[in-house]
Amino acid sequence: MKTLNLLSVEQIPETLPRTQALAGPDSAADILIVGAGPTGLACAIEAQKAGFKTLIIDKGCLVNSIYHYPTNMVFFTTPELLEIGDIPFTTSLAKPTRLEALEYYRRVAGHFHLNIHQYEWVKTITGEDGDFRVSTSDRHDAIHDYRARKIVVATGYYDLANELDVPGEDLDKVFHYYRDPHPYYDMDVVVIGGKNSAAEAALDLWRHGARVTLVHRGPQMHAHVKYWVRPDIENRIKAGEIAAYFNSAAQEINADCVVLRTPSGPLRLKNDFVFALTGYHPDYDFLRSVGIELATEQMRPVCDPANLESSVPGIYVAGVIVAGSRTNEIFIENGRFHGKLIAAHLSEKLGGGNPNFPLDAT
Ligand SMILES: Cc1cc2nc3c(=O)[nH]c(=O)nc-3n(C[C@H](O)[C@H](O)[C@H](O)COP(=O)(O)OP(=O)(O)OC[C@H]3O[C@@H](n4cnc5c(N)ncnc54)[C@H](O)[C@@H]3O)c2cc1C
């Protein structure tokens with residue numbers, strides 16, 4: 001399975017060797033936030049405004065998911081709806097580009113002097129409300145230990161791709177993430193999926209000289225495809241510029257071909273590369289490892305909708321993970337407000353920040 005992660009969940013040990021653990025002056029916080037996505041940043045800003053000492057830890061860079069989106073992507077959301085911390089986001093055109101969003105979130109992080117530890121992977125969260133222990137592993141496999149009174153988990157969904165579960169999916173030519181079109185010039189490329197990511201990748205690849213076949217299990221492109229992308233992809237398909245098979249699926253992927261299951265029977269297509277853009281899902285194993293209960297239906301973390309405290313007292317969930325497998329219900333536009341809800345509850349519970357918390361009691 002190819003994901004953005006460097007390690008698979010199976011490699012996460014139950015407990016990390018204590019002897020290797022590093023504890024710096026920075027190792028205690030009132031509120032420790034896992035994930036420096038837009039939601040994690042918003043949570044830190046609001047908690048900081050309420051007087052709490054905050055620490056954000058991300059296994060990648062700042063807004064790691066957005067950094068890994070397609071290089072030339074344009075958001076469907078207008079800039080003011082991506083704003084956090086009441087910092088204005090202005091862009092040159094109506095919709096922000098990925099690069100503009102990266103710059104905006106860097107500016108916001110700098111403006112609020114957010115304490116962010118990048119390239120540290122949160123592996124375990126133990127302890128209890130008021131005294132949690134968090135262990136991370138950095139790029140050099142060094143282990144770091146932290147203490148926090150409360151935890152916010154804002155780990156997003158973009159690290160784990162929904163798999164096709166077909167033979168050949170593990171071949172090097174199969175990708176679950178699309179970045180840019182150049183390497184696929186004059187190549188036979190299959191794009192699997194019927195939503196925005198698939199439509200945009202198919203168009204971008206075709207416009208840069210790839211021979212593209214789109215394969216989707218539904219009868220047509222999904223209704224949620226951006227209003228300006230939908231006619232574009234439909235017209236390219238109508239004109240035969242992009243081949244498309246609807247009500248179809250990949251059955252098998254081989255080094256030089258893909259076998260499709262179509263309404264008129266199996267079809268073998270000559271093929272160089274496959275983009276399986278069939279969505280992503282939150283890291284349910286990580287959430288369970290923290291003790292958070294997941295509802296059987298849609299794997300939503302059980303939480304109080306008024307304040308987002310999970311089934312584990314003192315651990316909050318925020319951002320897209322709140323929607324479980326329904327990842328299209330919460331995005332930056334609405335997830336950015338989770339910070340305010342959580343900060344209000346933190347103030348109620350803790351009565352303000354406690355600058356004396358640092359690790360002197362270890
Ligand atoms: C191509 C694309 C275009 C989109 N366009 C829009 C749009 O126009 N408008 C909109 O509102 N939404 C859009 N979305 C959706 C939106 O980007 C996500 O819903 C949003 O990023 C979710 O924010 P988040 O903070 O919850 O999660 P994320 O942004 O995914 O942040 C989660 C962070 O947690 C980190 N992390 C995960 N596990 C760990 C761990 N164990 N330890 C440490 N760190 C960890 C990750 O590295 C990541 O940085 C788009 C999504 C995609 C894929």
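The following exchange concerns a predicted model, its ligand shell and several of its strands and loops.

Colleague: On what basis are residues numbered and values accepted?
Modeller: Residues are numbered from 1 along each chain as its sequence is written, and side-chain values use heavy atoms, leaving out hydrogens and water. In this predicted model, local features need pLDDT of at least 70 and side-chain atom pairs count only at pLDDT 80 or more, while totals for chains, interfaces and linings use all residues.

Colleague: How many residues surround the ligand?
Modeller: A residue is near the ligand if one of its heavy atoms lies within 4 Å of it. The closest are Asp-58, Ser-65, Tyr-69, Phe-76 and Thr-77. The residues of the shell divide into 17 nonpolar, nine polar and five charged; here Ala, Val, Leu, Ile, Met, Phe, Trp, Tyr, Cys and Pro count as nonpolar, Asp, Glu, Lys and Arg as charged, and the others, Gly among them, as polar. The number of residues surrounding the ligand is 31.

Colleague: Which element gives the most to the shell around the ligand?
Modeller: Helices (H or I, at least four residues) and strands (E, at least two) are DSSP runs, numbered from the N terminus. At least two shell residues each come from α1 (38–49), α2 (64–68), β5 (120–128) and α7 (332–335). With three residues, the element that gives the most is β5.

Colleague: What percentage of the ligand's accessible area does the protein cover?
Modeller: Polar side-chain atoms of Asp-58 and Tyr-69 lie 2.6 Å and 2.5 Å, respectively, from an oxygen atom of the ligand, and a polar backbone atom of Val-122 is 3.0 Å from a ligand nitrogen atom. Of the 1000 Å² of accessible area that the ligand has on its own, the protein covers 94%.

Colleague: Why is one side of β12 and of β14 left without a neighbour in the sheet?
Modeller: The open sheet has three strands in the order β12-β13-β14, with antiparallel pairing; two strands pair if DSSP finds at least two bridges between them. One side of β12 (249–253) and of β14 (265–270) is left without a neighbour because each stands at an edge, with a single partner strand.

Colleague: Which residue of β13 stands opposite Ala-249?
Modeller: Strand β13 comprises residues 257–262 and pairs with β12 in the antiparallel sense over four bridges. In β13, the residue opposite Ala-249 is Arg-261.

Colleague: Which residue of β3 is the bridge partner of Ile-31?
Modeller: Strand β2 (residues 28–34) has seven of its seven residues buried (under 20% relative accessible area, with a 1.4 Å probe and protein chains only), so this strand is largely enclosed by the rest of the structure. Six bridges join β2 to the parallel strand β7 (residues 143–153), where Ile-31 stands opposite Lys-150. Strand β2 also pairs with β3 (residues 54–57) in the parallel sense over four bridges. In β3, the partner of Ile-31 is Thr-54.

Colleague: Is Asp-141 buried or exposed?
Modeller: Asp-141 is found in the loop between β6 (131–138) and β7, and its phi is near 65°, a positive value in a residue other than glycine. Its relative accessibility is 56%, and the cut-off is over 50%. Asp-141 therefore counts as exposed.

Colleague: Is Leu-308 buried or exposed?
Modeller: Leu-308 lies in the loop between α6 (284–289) and β16 (315–317). Although Leu-308 is not a glycine, its phi is positive, at about 70°. At 4% relative accessibility, Leu-308 counts as buried.

Technical notes:
Polar contact = N/O pair within 3.5 Å; in protein donor to acceptor, adjacent residues only side chain to side chain. Areas by Shrake-Rupley, 256 points an atom, 1.4 Å probe, with all protein chains shown as cover.
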